[in-house]
Amino acid sequence: MLSALGNPRQAAAQILNFGLILSTAFMMWKGLSVIADSPSPIVVVLSGSMEPAFQRGDLLFLWNRNFFEETKVGEIVVYNVKGKDIPIVHRLVRKFGLGPKAKLLTKGDNNPTDDTELYARGQDFIEREDIIGSVVAYIPFVGYVTILLSEHPWLKTVMLGIMGLVVVLQRE
């Protein structure tokens with residue numbers, strides 16, 4: 001264990017391996033972003049507003065390429081609200097007009113009313129530019145790790161510390 005710390009070449013190689021793993025993950029994320037034409041091609045459901053379609057902790061895969069078709073009523077979309085950091089996953093329930101300036105109204109399947117209360121002040125609808133992507137696939141409950149890490153910040157530090165120790169102390 002201490003021999004790895006005593007050999008500077010081996011310690012440097014392990015640090016570079018750790019950096020390679022992180023940069024590979026970042027490149028895969030950016031590649032997915034380009035392919036899906038979405039700044040966030042994978043999102044986690046954080047609330048129960050879309051039950052029974054999606055549960056809290058489901059991992060959603062998004063696609064934002066609408067070359068041939070417009071966004072349709074009934075589609076589940078993820079959108080950003082101006083001034084808020086967390087994207088919202090809800091179903092498109094009404095559409096007024098066509099093209100990029102169409103007015104869109106969304107609603108969570110488990111919510112009693114539409115999303116007008118969630119939109120930015122003075123905004124009654126969202127537009128196509130607010131949509132991050134449409135849900136094309138999902139994996140149930142895999143994103144629960146993300147929820148745990150956001151609800152318990154100390155857990156993130158512990159996990160990063162353990163991963164760093166494993167990389168530094170591993171033997172090849």
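**Ile131 and the nonpolar cores**

Leaving aside neighbours within four places in sequence, Ile131 is in contact with Asn64, Thr71, Val77, Val78, Tyr79, Leu104 and Ile126. The model is predicted. Ile131 belongs to the largest nonpolar core, a set of 12 residues completed by Val77, Tyr79, Val81, Ile88, Leu92, Ala102, Leu104, Leu105, Tyr119, Ala120 and Ile126. At least two residues of this core come from each of the strands β3 (76-79), β4 and β5. Apart from this core lies another, of 11 residues, which includes Leu62, Ile76, Val89 and Ile132. In soluble globular proteins, nonpolar side chains tend to be buried together.

Two of the strands that contribute to the largest core also pair with one another. Strand β4 (residues 88-96) runs antiparallel to strand β5 (residues 103-107), and 5 bridges join the two. Within this pairing, Arg94 stands opposite Leu105 of β5, and Leu105 is itself a member of the largest core. The hairpin formed by β4 and β5 has 6 residues between the strands, and Gly97 in this hairpin adopts a positive phi near 95°.

A further nonpolar feature is found at the surface. Trp154, Val158, Ile162 and Val166 make a nonpolar surface patch of about 420 Å². Of these residues, Ile162 is located in helix α4 (residues 153-169). Ile162 has a relative accessibility of 49% and therefore counts as partly exposed, the limit for an exposed residue being over 50%.

Notes. Residues are numbered from 1 along each chain as its sequence is written. This is a predicted model: local features need pLDDT of at least 70, side-chain atom pairs count only at pLDDT 80 or more; totals for chains, interfaces and linings use all residues. Side-chain values use heavy atoms; hydrogens and water are left out. Two strands pair if DSSP finds at least two bridges between them. Helices (H or I, at least four residues) and strands (E, at least two) are DSSP runs, numbered from the N terminus. A nonpolar core is a set of buried Ala, Val, Leu, Ile, Met, Phe, Trp, Tyr and Cys residues joined through side-chain atoms within 4.5 Å. Buried means under 20% relative accessible area, exposed over 50%, partly exposed in between (1.4 Å probe, protein chains only). Contact means heavy atoms within 4.5 Å. Patches are made of residues with over 30% relative accessible area and no salt bridge: like charges are joined within 9 Å, nonpolar side chains (Val, Leu, Ile, Met, Phe, Trp, Tyr) within 5 Å. Accessible areas come from the Shrake-Rupley method with a 1.4 Å probe; for residues, only the protein chains shown count as cover. A salt bridge is a side-chain nitrogen of Lys or Arg within 4 Å of a carboxyl oxygen of Asp or Glu.
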